[in-house]
Amino acid sequence: MYYIGVDLGGTTIKVGLINEEYKIVQTAVCDTKVERPTSEILKDMAFLCKEVMKKENISEKDVDSIGIGCPGLTVPKDGIILTSPNLPTFNNTNVKTEIQKYIDLPIYVENDANVAALGEVINGAAKGAKNAIVVTLGTGVGGGIIIDGKVYSGAFFGAGEVGHHTISLESEYMCGCGRKGCWEQYASATALIRDTKIAIENKDSKIKELANGGEINAKIIFEAAQAGDKIANEVLDQYFKFIGIGILNLINILQPEIVVLGGGMSAQKENLINPVIKYLNENLYGGVELKTKIKAATLGNDAGIIGAGLLGKSL
Ligand SMILES: [Zn+2]
C-alpha cells in the first residue's frame, strides 16, 4: 500500500508518493501561482497526485489516501481549509470535494507544522514516540504536538502555536501575532540574527569577517563561536537560554517523551542540542532528572510530505 502526501505552500505544491517503509519514492512539483482560482490550483494538485502514481506504475487502488499539509487552520477529516494567511483565497475551501472530482480516494487536510511533526514521529527523529513536540526554529517558531501518535489540534483546530507563548513581560519586540514577548521573538533564527547584529555593532568580531560584507546568518554565528569569537559565544549562550526557557515551559505542561528541534536551525545538530540540554538539566522543575529526549529533526522538508501522507492512518 502507498500513501500520497502533499505540501501545499504559497509558492510551490510538492507531492510525494510514500511506500510502506514511509520513504518518498516519487515526487512531482509545480508552482502554486496563488493568484489563480482555487479550483485551478486544486486541479493541478490532483494531476500531480496522478503523476506520482503513473511514475511508479500504480493506480488509485494501490493508494490508501491523500493527505495535504498547508499553512493555516483546517478541519482534517472534512478536508476543509478554514483560514490560511499564505493562501487567502483558500479560506473556507473544501479541498476534499474538489480533489475527489479527479481522484476517488479519501482526502485529509492538516496544518503544515502539524504534519511535519507527525512525519518526524512516523519516520524521523521521534520515530516510535507516542507523545512528542516538534518545534521548528526558522524565520519564525512553529510547532506541532503529537499525543498518542495523533496530531493534537485542539478543540478549534488552532493548537500547537508554541511560538506564541510569552516568555518576556518587558519585551520591546512586537510579534506578528500582535503581542509582545512571544517565544518566537527570542528563539527564531530571525531573533538570533537581530541580537547578533546589535551585539557586534561598532565592535570587532569574527562574525563580521565571516560575513565578509554580506548578510549574517545562523551558520556564520555558529562558525564564529566555534572559532572562539567572544561575542558569538555570548549571543549564542543567551540564545540557547531563550530556547531552553520555552522548551522547559512545554515540558512542564505536556511532559512529552521527546522534543524535536526542526527548521533551518536544526542543521547545527549537537552544537544546538547539547547546550539546550545543559540548560534544561540546570533548570528542570524540582531539580529532577531530564527524562524528555531532545533531538534534532532528521527528515528536513520531507517531514511535511510524509506526515501529510500518513495523516489518514493517524486520525
Ligand atoms: Zn506571537
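Is Tyr-186 buried or exposed? In this predicted model, Tyr-186 has a relative accessibility of 9% and therefore counts as buried, the cut-off being under 20%.

The surroundings of Tyr-186 include other aromatic rings. Five aromatic pairs were found in a search of the whole structure. One of them joins Tyr-173 to Tyr-186 in an edge-to-face arrangement, with 6.1 Å from centre to centre and 70° between the planes. Tyr-173 belongs to the loop between β11 (150–151) and α4 (184–187), whereas Tyr-186 is part of helix α4, so the pair ties together parts that are 13 residues apart in sequence. Together with Phe-242, Tyr-173 and Tyr-186 make up one aromatic cluster.

Both tyrosines of this pair also face an arginine. Arg-194 lies over the face of Tyr-173, at 3.5 Å from the ring centre. The charged end of Arg-194 also sits over the ring of Tyr-186, at 5.9 Å from the centre of that ring.

A metal site was examined next. The zinc ion is coordinated by one histidine nitrogen, ND1 of His-164, and by the SG atoms of Cys-175, Cys-177 and Cys-182, at 2.0 to 2.3 Å. Along the chain, these donors follow the spacing H-x10-C-x1-C-x4-C. The angles subtended by the four donor atoms around the zinc ion run from 101 to 123°. The arrangement is therefore tetrahedral, as all angles lie between 85 and 135 degrees. Accessibility was computed for two of the cysteine ligands. Cys-182 counts as buried, at 0% relative accessibility, while Cys-177 is partly exposed, with a relative accessible area of 41%.

The remaining results concern a β-sheet. Five strands form an open sheet in the order β3-β2-β1-β4-β8, and their pairing is mixed. The edges of this sheet are β3 (24–31) and β8 (107–111), each of which pairs on one side only. On average, neighbouring strands of the sheet are turned by 20° against each other, direction ignored. At the β3 edge, strand β2 (residues 12–18) pairs with β3 in the antiparallel sense, over seven bridges. Within β3, Thr-27 is the residue that stands opposite Gly-16.

Methods:
Residues numbered from 1 in each chain as written. Predicted model: local features only at pLDDT ≥ 70, side-chain atom pairs only at ≥ 80, totals over all residues. Heavy atoms only, no water. Phe/Tyr/Trp six-rings, centres within 6.5 Å; stacked < 30°, edge-to-face > 60°. Helix = DSSP H or I, 4+ residues; strand = E, 2+ residues; numbered from the N terminus. Buried < 20%, exposed > 50% of the residue type's maximum accessible area, 1.4 Å probe, protein only. Lys NZ or Arg CZ within 6 Å of the ring centre and 35° of its normal. Donors = N, O, S within 2.8 Å, 3.2 Å for Na, K, Ca; no water. Tetrahedral: all angles 85-135°; square planar, octahedral: opposite > 155°, others 65-115°. Pairing = 2+ DSSP bridges. Axes fitted to C-alpha atoms, helices over the stretch in contact; angles between N-to-C directions.
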